[in-house]
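Me: I am a first-year student, and I would like a close look at a single part of this model. Could you take me slowly through the pockets and then through the helices around them?

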Amino acid sequence: MPKTAKALLQLPPATLAAIQKLGADLAVARLRRKESLKTWAQRMGVSVPTLQRLEAGDPGVGIGIVASALWLIQRDAQLGELAAPEHDRGAIEMDVRQAM
C-alpha cells in the first residue's frame, strides 16, 4: 500500500468531512457561476474526472489542484494563513508552558 493511501485512510472523520464539504462548496461555486465541468476543468488545467473527484471531496486530490479551484473563486489568499505560526495554538501553549 502506498504511503499516501495509508495516510488518507487514517484521516480523522472530521477532517474527511471538512474536505468533502470543501468539494461540495466548490461545486456550488462553479454552478452558481454557470460554468460547466468541462469549462471549469479547462480553466484549472485538469481533467473533468479530476474536477469531479475534487467536487466529490476525494482527499487524494492534490493541494495544487485545490489551490487552483480556490483561485478561481478568489479564495486562495487564505491558504497562506492556514498553518501560520502565529495561529498555531498548540505550539503557542507549549511555548508558554516551557517559559514557566
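Reply: In this predicted model, the largest pocket holds about 250 Å³ of space. Its lining is made up of 15 residues, and those that lie nearest the centre of the pocket are Ile 19, Leu 22, Pro 59, Val 61 and Val 66. If you ask which elements give two or more residues to this lining, they are α2 and α5, and the element that gives the most is α2, with six residues. Sorted by class, the lining of this largest pocket consists of 11 nonpolar residues, three polar ones and one charged one.

The second largest pocket has a volume of about 180 Å³. Its lining is formed by Ile 63, Val 66, Leu 70, Arg 75, Gln 78, Leu 79 and Leu 82, and by class these are five nonpolar residues, one polar and one charged. Val 66 deserves a second glance, as it is named among the residues nearest the centre of the largest pocket and is also listed in the lining of the second largest pocket.

Val 61, another of the residues nearest the centre of the largest pocket, can be placed relative to the beginning of the chain. Its C-alpha atom is separated by 13 Å from that of Ala 7, although the two residues are 54 residues apart along the chain. Ala 7 itself belongs to helix α1, which covers residues 3-9, and it counts as partly exposed because its relative accessible area is 44%.

Now to the helices, beginning with α2, which spans residues 13-32. The axes of α2 and α4 come within 7 Å and cross at roughly 120°, and the two helices are therefore oblique to each other. On the α2 side the contact involves Gly 23, Ala 24, Leu 26, Ala 27 and Arg 30, while on the α4 side it involves Leu 51, Leu 54 and Glu 55. The residues of this contact divide into five nonpolar, one polar and two charged.

Helix α4, which runs over residues 48-55, also meets α3, and here the axes come within 9 Å and cross at roughly 95°. The two helices are therefore roughly perpendicular to each other. From α3 the contact takes Leu 37, Lys 38, Trp 40, Ala 41 and Met 44, and from α4 it takes Val 48, Leu 51, Gln 52, Leu 54 and Glu 55. By class, this contact of α3 with α4 has seven nonpolar residues, one polar residue and two charged residues. Leu 51, Leu 54 and Glu 55 of α4 are thus named in the contact with α2 and again in the contact with α3.

Helix α3, residues 37-44, has a further partner in helix α5, residues 63-72, and the axes of these two come within 10 Å and cross at roughly 110°. That angle makes α3 roughly perpendicular to α5. The residues that meet are Trp 40, Arg 43 and Met 44 in α3, and Ile 65, Ser 68, Ala 69 and Leu 72 in α5; they divide into five nonpolar, one polar and one charged.

Leu 72 of helix α5 is worth following on its own. With a relative accessible area of 9%, Leu 72 is buried, because buried means under 20%. Leaving aside residues up to four places away in sequence, Leu 72 touches Arg 33, Trp 40, Arg 43 and Met 44. The C-alpha atom of Leu 72 is separated by 30 Å from that of Gln 10, a residue 62 places away along the chain.

Finally, consider two residues in loops. Most residues other than glycine have a negative phi. Lys 34, however, has a phi near 55°, a positive value in a residue that is not glycine, and it is located in the loop between α2 and α3. Its relative accessibility is 76%, and Lys 34 therefore counts as exposed. Gln 74 likewise has a positive phi, of about 60°, although it is not a glycine, and it is found in the loop between α5 and α6, the latter covering residues 89-99. At 71% relative accessibility, Gln 74 also counts as exposed.

How values were computed:
Residues numbered from 1 in each chain as written. Predicted model: local features only at pLDDT ≥ 70, side-chain atom pairs only at ≥ 80, totals over all residues. Heavy atoms only, no water. Axes fitted to C-alpha atoms, helices over the stretch in contact; angles between N-to-C directions. Helix = DSSP H or I, 4+ residues; strand = E, 2+ residues; numbered from the N terminus. Parallel < 35°, antiparallel > 145°, perpendicular 65-115°, else oblique. Contact = heavy atoms within 4.5 Å. Nonpolar A, V, L, I, M, F, W, Y, C, P; charged D, E, K, R; others polar. Buried < 20%, exposed > 50% of the residue type's maximum accessible area, 1.4 Å probe, protein only. 1 Å grid on protein atoms, 1.4 Å probe; cavity = no way out; pocket = protein on both sides within 12 Å on 5 of 7 lines; lining within 4 Å. Points joined across faces, edges and corners; volume = space filled by probe spheres on them.
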